[in-house]
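Dear colleague,

I am handing over the structure we spoke about, and my notes on it follow below. Please read them with the coordinates open beside you.

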Amino acid sequence: MTVAQPSILVVDDDPGILDALRFLLEDTGYLVLTNENGDDVEALRDENGGLPDLIVLNVLLSGKDGRTICRALKSHASTRHIPIVMISAHPDAERSVKEVGADAFVAKPFAIDDLLATIAGLLAARRDR
Amino acid sequence: MIRSLTELRGDALPPSAPQGTERAPHFDPSAPILDAIDLLADGYYEMDEEFRYRRINAAGLQIVGKSREEILGKRVLDVFPDVAEAAIHLATTRVMERREAEIVETYYPPHQRWYTNRIYPVDGGIAVFSQDITEQKLLEQNLAFLAEASKILSSSLDYEHTLRGVAQLAVPHFADWCAVDMMTGPNATDLLAIAHIDPAKIHWAEELRRQEPVDLDQPGGLGHVLRTCRSAFYPEITDALLIATSKDERALEIARQIGFSSAMIVPLIIRETPIGAMSFVSAESGRHFTPADLRMAEELASRAALAVENSRLYGESQQAVALRDDFISAASHELKTPVTSLKIYTEMLLRQADQRGDDKSSRHLGTMNAQIERLTVLISDLLDVSKIEAGRLELRQEMFDPRRLVEEVVETIQATTTHCIEMTGHADRPVVGDWERLGQVFTNLLTNAVKYSPRADRIVVRVGEDPESVTVEVEDFGIGMDAEHLEKVFDRFYRVSSTDEKTFPGLGMGLFISHEIVRRHGGSLGVTSEKGRGSVFRVVLPAPAPLDTGTAPEVTP
């Protein structure tokens, strides 16, 4: 794991959001991986040179529910430690994402400072552990 | 000795009553048979102190169903042994003893007729006028039935439920059987309700219907009523009629088993289209329906059809509303996605412009960001309105210090306006509720205060409390409102607009949402305003317990 440039996996079915988040997170200094439909994310394995340091995961994906992915990652020993920030345009989704083990929830649309502060906080907490 | 009928004690005599007729005090077999009292349409009879018939007129004889010879001079209990406990006999006994006139209403089962009996004390006995009020009584009963049925029909928009209630109400006073059939297709009906006083018979009838559904192609009956939209009326059902109309032996046997004596089938019609029919059948009671009964049944059917139509229209409008709410919900969700990208890019460009020290770009991007924020609020408001309409607005239950929330909102709004927001007063009591949602209320009130006081330079926020509640007032010194708007300003989509000054844009959602949020917290949101002077919006939230500083406020003994 590179402390200087943490990696973040962003999962959202909207390409516009993926592009914007890539722009934001790369500009902030993160290494960004994106996934559009959540495929294979549930079975995230340390095969291609490491796991992401944090995952930004949209609640509703086309054909998949981000909460199912979150629950799977949080129930697997090798991925349980990865902080997950769930995002959604449904502000009421907050309760349900906490139930599946998400570490934080940010409602769309958000101020970039709110998302960045949430991400920085979770990464710092993980580093300190 | 009876001197004169005019001396009878009691109230008004019928106008046709003979006046001043002298009569012998005892039965005189030689008295003329035709008598002035025979001209009375009402029954008239006199009894002596021993309850012996002394006089009776032709109408009276018809009522009791006896000849003059069978009655006159005889004691009433010898002629009619079974009336000893009847209301009429008890009343005549009382009048005989107390010598005070009485009026008593009686029903005579053998003839199925009602009478009003006016009983007067006369010399040596009593006199009775019996007026046949059966028609009036039936009309009254029908009207009472119609009124009660209308009450049931308007009690609910669930027409299946109300029509069952009406069928139930019809038995046994109006009919022995009542059935409601609703059309389910071009040539199909479904039995919605069937009522009879005996549940076993209902079960039997339902079973019968299951085995043999109604054949709408039959020339008569239900099919004919539905095809022609005209009532079928069978005042008298004879065995010959049953034989003629039954399609086979089994049907005839069933019809005989029911013992039809009279029947009516009236269509339920909505805008000239039949939607079903109500059937009324008289059987064991032996009652024969009259044209008046048919009119009543048709009136009932038209009211029932109206209830069905109302119910269907309501269902359609509810569906439309649900569709609209679903659409708004989906639309606002869809709108949020591009707004999210837009906001990220704008804030990113703003951040980069700030880093470059490009003030001009920063200013423009700041404005752009503020506009995106407005768009976001509008989208959220749309979603909130649809949630409120659908009863899906969820509120958290947290205990917090309302003053801290107000301070936070004031700070946020102050950063966006040149108005000076002054905050005064204090409150130590906590409220229980949704921090975010109440924050939304104060944000809305402060945003409005800024928006509607373009020429003022200050806004006052007052916090206060009493033993039951916490109050937050937001006062502006702006354009204010006329009294006519004050009551409506919290209505959904209400917008204050006037011709004499510029109108302010908006969709009339913010105050409706705020009002609903506060109401759901058990509080109230009110306004006082004066045109040209400004407005004061007042939020009152229930706050029963004082805030226990620092710790969770739990009551300990």
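In which loop of chain A does A:P109 lie? Before the answer, a word of caution: this is a predicted model, and the values below should be read with that in mind. A:P109 is placed in the loop that runs between β7 and α4 of chain A, and the peptide bond joining A:K108 to A:P109 is cis, with omega at about -10°.

The elements on either side of that loop belong to the sheet of chain A and its packing. The sheet is open and consists of 5 strands, in the order β2-β1-β3-β6-β7, with parallel pairing. Because β2 (31–35) and β7 (104–107) of chain A stand at the edges with a single partner strand each, one side of each has no neighbour in the sheet. On average, and ignoring direction, neighbouring strands of this sheet are turned by 20° against each other. Helix α4 of chain A, residues 112–128, packs on the sheet, where α4 touches β3, β6 and β7 of chain A, and its direction makes about 170° with that of β7(A). Within the sheet, strand β3 (residues 54–58) and strand β6 (residues 84–88) of chain A run parallel and are joined by 4 bridges, and A:I55 stands opposite A:I84 in β6(A).

Between the chains, helix α1 (residues 15–28) of chain A packs with helix α11 (residues 291–356) of chain B at an angle of about 25°, the axes being 9 Å apart. With angles under 35 degrees counted as roughly parallel, α1(A) and α11(B) are therefore roughly parallel to each other, and α1(A) passes α11(B) in a left-handed crossing. The residues of α1(A) that take part include A:I17, A:L21 and A:L24, while those of α11(B) include B:P338, B:I344 and B:M348. By class, this contact of α1(A) with α11(B) has 9 nonpolar, 4 polar and 1 charged residues.

Two backbone positions in chain B also deserve a look. B:F51, in the loop between β1 (43–48) and β2 (53–56) of chain B, has phi near 60°, a positive value in a residue other than glycine, and B:F51 is partly exposed, with 19 other C-beta atoms within 10 Å. B:E272, in the loop between β9 (262–270) and β10 (273–282) of chain B, likewise has a positive phi, near 65°, but B:E272 is exposed, with 6 other C-beta atoms within 10 Å.

With best regards

Technical notes: Residues are numbered from 1 along each chain as its sequence is written. Chains are lettered from A and ligands numbered from 1 in the order in which they are written. This is a predicted model: local features need pLDDT of at least 70, side-chain atom pairs count only at pLDDT 80 or more; totals for chains, interfaces and linings use all residues. Axes are lines fitted to C-alpha atoms, for helices over the stretch in contact, and angles run from 0 to 180 degrees between N-to-C directions. Angles under 35 degrees count as roughly parallel, over 145 as roughly antiparallel, 65 to 115 as roughly perpendicular and the rest as oblique. A crossing is left-handed if the near helix is turned anticlockwise from the far one by less than a right angle, and right-handed if clockwise. Two residues are in contact if their C-beta atoms, placed from the backbone, lie within 7 Å. Ala, Val, Leu, Ile, Met, Phe, Trp, Tyr, Cys and Pro count as nonpolar, Asp, Glu, Lys and Arg as charged, and the others, Gly among them, as polar. Two strands pair if DSSP finds at least two bridges between them. A residue is buried if 20 or more other C-beta atoms lie within 10 Å of its own, exposed if 12 or fewer, and partly exposed in between; C-beta atoms are placed from the backbone.
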